[in-house]
Amino acid sequence: MTTRRRTASLSADRIALKGLRARGRHGVLPAERELGQEFVVDATLFLDTRPAAAADDLTLTVHYGELAQALVKVVEGEPVQLIETLAQRLADVCLADDRVRTVEVSVHKPAAPIPAPFDDVIVTIERSRP
């Protein structure tokens, strides 16, 4: 665990969105671009939820319903070759809200074209404000 992660974990609350499903056309192979496949996204946002909790006010926190819609739009949007690139785009959406200090995004590709039995392919990235 990095120092940055330890600091983010200890100093911030978390909002997590797990198992968000959307169909996208991401991948290197032409068939992946043509047929598409399901991707699963997990996003954990590190932020201070105390102002929202104190005021009981949705406008003072991240609206996870709206976040889910924005993330689905990215997955369903412009295709990329690498799920690493997709993860970065998703992290950028999460960090567009100034309240979010750090985000961890995992992109699952359970139907990746691998010629052996497997459960899942997952790329996880962590990004923070400079």
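What percentage of the 130 residues of the chain count as buried?

## Overall architecture

In this predicted model, 40% of the 130 residues of the chain count as buried. Along its principal axes, the C-alpha trace spans about 50 × 30 × 25 Å, and the chain is built from five helices and four strands. Read from the N terminus on, these elements follow the order α-β-α-β-α-α-α-β-β.

Contacts that reach across the sequence can be described in a similar way. When contacts in the chain between residues at least 6 apart in sequence are taken together, 61% of them join residues that are at least 24 apart.

## The packing of α4 against α5

Helix α4 covers residues 64-76, and helix α5 covers residues 83-95. The two helices pack at an angle of about 150 degrees, and their axes are 10 Å apart. Because angles over 145 degrees count as roughly antiparallel, α4 is roughly antiparallel to α5. The crossing in which α4 passes α5 is right-handed.

On the α4 side, the residues that meet α5 are L67, A70, L71, V74 and V75, and their counterparts in α5 are L86, R89, L90, V93 and C94. By character, the residues of this contact divide into nine nonpolar, no polar and one charged.

R89, which is placed in helix α5, takes part in this contact with α4. At 30% relative accessibility, R89 counts as partly exposed, because the partly exposed class lies between 20% and 50% relative accessible area. If residues up to four places away in sequence are not counted, R89 touches V74, E78 and V80. R89 and V62 are 27 residues apart in sequence, and their C-alpha atoms are 18 Å apart in space.

## H26 and its surroundings

H26 is placed in the loop between β1 (13-24) and α2 (30-35). Is this loop residue buried or exposed? H26 counts as buried, with a relative accessibility of 0%, and the reason for that label is that buried means under 20% relative accessible area.

Leaving aside residues up to four places away in sequence, H26 touches E32, Q37, F39, V74, V75, G77, E78, P79, V80, L86 and K109. Among them, V74, V75 and L86 also belong to the contact of α4 with α5, while V74, E78 and V80 are also touched by R89.

Which backbone atoms lie at polar-contact distances from the side chain of H26? The side chain of H26 reaches the backbone oxygen of V75 at 2.8 Å, and a polar atom of that side chain lies 3.1 Å from the backbone nitrogen of V80. In another direction, H26 and A55 are 29 residues apart in sequence and 41 Å apart in space, taken from C-alpha to C-alpha.

## The loop between α3 and α4

D56 and D57 are both placed in the loop that runs between α3 and α4, where α3 spans residues 50-55 and α4 spans residues 64-76. D56 counts as exposed, with a relative accessibility of 73%, because exposed means over 50% relative accessible area. D57, by contrast, is partly exposed, with a relative accessible area of 29%.

The backbone of D56 deserves a separate remark. Most residues other than glycine have a negative phi. D56 has a positive phi of about 50 degrees although it is not a glycine.

D57 can also be placed relative to E34, since the two residues are 23 residues apart in sequence and 43 Å apart in space from C-alpha to C-alpha.

## T102 in strand β3

T102 lies in strand β3, which covers residues 102-108. T102 is buried, with a relative accessible area of 5%, a value that falls under the 20% limit for that label. Which residue does the side chain of T102 join in a polar contact? The partner is S128, and the polar contact between the two side chains is 2.8 Å.

Notes
Residues are numbered from 1 along each chain as its sequence is written. This is a predicted model: local features need pLDDT of at least 70, side-chain atom pairs count only at pLDDT 80 or more; totals for chains, interfaces and linings use all residues. Side-chain values use heavy atoms; hydrogens and water are left out. Buried means under 20% relative accessible area, exposed over 50%, partly exposed in between (1.4 Å probe, protein chains only). A polar contact is a pair of N or O atoms within 3.5 Å; within protein, one must be able to donate a hydrogen and the other to accept it, and residues adjacent in sequence count only if both atoms are side-chain atoms. Axes are lines fitted to C-alpha atoms, for helices over the stretch in contact, and angles run from 0 to 180 degrees between N-to-C directions. Angles under 35 degrees count as roughly parallel, over 145 as roughly antiparallel, 65 to 115 as roughly perpendicular and the rest as oblique. A crossing is left-handed if the near helix is turned anticlockwise from the far one by less than a right angle, and right-handed if clockwise. Contact means heavy atoms within 4.5 Å. Ala, Val, Leu, Ile, Met, Phe, Trp, Tyr, Cys and Pro count as nonpolar, Asp, Glu, Lys and Arg as charged, and the others, Gly among them, as polar.
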